[in-house]
Amino acid sequence: MGIIAKNKTSITEFVLLGFGKVPELQILLFPLFLVIYVVTMAGNILIVVLVVADQHLHTPMYFFLGNLSCLETCYSSAILPRMLASLLTRDRTISVPRCIAQFYFFASLAATECCLLSAMSYDRYLAICKPLHYAALMNGRLCLQLAAGSWLSGCLATLIISCLMSQLTFCSPNEIDHFFCDFTPVIKLACSDTNLILVLDLLLASLCTLFPFLLTLLSYVYIIVTILRIPSTSGRQKAFSTCSSHLIVVTTFYGTIIIVYMLPKSDTLRDLNKVFSVFYSVLTPLINPLIYSLRNKEVKEALRKIVCKCSDFTRIPN
């Protein structure tokens, strides 16, 4: 299994327990997660195609939405294919390098999503609170800078943590009570010094998660205050409708993250945390395209045009 170091066995693979405590549940979970994955990929790819193809969606808000949908396709692919393979084959082992790689892709995309949601909230803040200056402030260059900064900050910050994790020695037991390689359950299995990586993780998590969350929260404080000052009811409803979809996504994403990572790590809450982990890692990428497509007239109109073009193209002339 490994080498002997300091009277401990250095392991080369982990066992992801996942939902293995309830074997009969796994029969239902495979088709469920398979459907979720297929719908998630189809929905998010469709959003990207609509944003690229329709000229009416070439605006800052839909530029960020396209980036978010692109991210969600990668986010789901970092977790669900491995989980589906495990449910199908009953093989729950994963090598240490692959586990660290999975953590890197999952964590970097999660950090990027925090930054993108913050950029989208800033876009909505300018649109509602400073409408006369919106076009000048939220120009193409700023959009590119915010999007590129979100992707780079998430990828680089997590790369540091992943490199340090790869230098750790992991000891038995090698069981991870989770369905993917998250930071805390993996670090608990390390038998080498983890003080440095824990400090850096706290610092980088604050920069890439807490700081964007506070910016998002601050943006919505100003947005809500501005909306409440609008004298007409129809004006308030119209202003709120422009940010309601984003607010639902932000609430779902951050709400489940806070529950998972802020609640005490007791044995009684461990299974509950696993359930909420499914929400932000599996269900959030699924509901994002549904929220934006079902609640957005412009997206539905763009979809209608695409469907009409496809039907005209496939129609056989008499």
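**Pocket, cavity and local features of the predicted model**

The largest pocket encloses a volume of about 850 Å³. The model in which this pocket occurs is a predicted one. Thirty residues line the largest pocket, and those nearest its centre are Asp201, Ala205, Thr209, Ile257 and Tyr261. Five helices each contribute at least two residues to the lining of the pocket, namely H4 (96-129), H6 (140-166), H7 (183-187), H8 (195-228) and H9 (233-262). The largest share of this lining is supplied by H8, with 10 residues. In terms of residue character, the lining of the largest pocket comprises 23 nonpolar, 4 polar and 3 charged residues.

Enclosed space was also examined. The count of cavities of 30 Å³ or more comes to 1. The largest cavity holds about 120 Å³ of space. Its lining consists of 12 residues, of which Leu16, Gly18, Phe19, Met83 and Ser86 are the closest to the centre. Helix H3 provides the largest share of the lining of the largest cavity, 4 residues. The residues around the largest cavity divide into 6 nonpolar, 4 polar and 2 charged.

At the level of the whole chain, the secondary structure amounts to 11 helices and 5 strands. Of the 318 residues in the protein chain, 43% are buried. Among contacts with a separation of 6 or more, 76% are between residues 24 or more positions apart. The mean pLDDT of the protein chain is 85, with 90% of its residues reaching 70 or more. Residues 1-7, by contrast, have a pLDDT below 50, and this stretch has 10 contacts in the model beyond near neighbours in sequence. Where pLDDT is low, the predicted coordinates should not be read in detail.

An unreviewed UniProt entry lists residues 27-53, 60-80, 100-122, 142-170, 202-228, 240-263 and 275-294 under "transmembrane region". Two of these listed segments were considered further. Residues 100-122 are 100% helix and 0% strand, and the C-alpha atoms at the two ends lie 33 Å apart. Residues 202-228 are likewise 100% helix and 0% strand, with end C-alpha atoms 37 Å apart.

Two loop residues were examined individually. Arginine 90 is located in the loop between helix H3 (80-89) and strand S4 (93-95). The phi angle of arginine 90 is near 65°, a positive value in a residue other than glycine. Most residues other than glycine have a negative phi. With a relative accessible area of 47%, arginine 90 is classed as partly exposed.

Asparagine 296 occupies the loop between helix H10 (267-294) and helix H11 (297-314). Asparagine 296 counts as buried because its relative accessibility is 12%, which falls under the cut-off of 20%. Apart from neighbours within four places in sequence, asparagine 296 is in contact with Met61 and Tyr62. The C-alpha atom of asparagine 296 is separated by 8.7 Å from that of serine 241, a residue 55 positions away along the chain.

Key. Residues are numbered from 1 along each chain as its sequence is written. This is a predicted model: local features need pLDDT of at least 70, side-chain atom pairs count only at pLDDT 80 or more; totals for chains, interfaces and linings use all residues. Side-chain values use heavy atoms; hydrogens and water are left out. On a 1 Å grid over the protein atoms alone, a cavity is a set of points where a 1.4 Å probe fits but cannot get out, and a pocket is an open set with protein on both sides within 12 Å along at least five of seven lines; lining residues have an atom within 4 Å of a point. Grid points are joined across faces, edges and corners, and a volume is the space filled by probe spheres set on the points. Ala, Val, Leu, Ile, Met, Phe, Trp, Tyr, Cys and Pro count as nonpolar, Asp, Glu, Lys and Arg as charged, and the others, Gly among them, as polar. pLDDT is the predictor's confidence in each residue, from 0 to 100. Contact means heavy atoms within 4.5 Å. UniProt positions are given in the numbering used here, feature names are shortened, and annotations may be inferred rather than shown by experiment. Buried means under 20% relative accessible area, exposed over 50%, partly exposed in between (1.4 Å probe, protein chains only).
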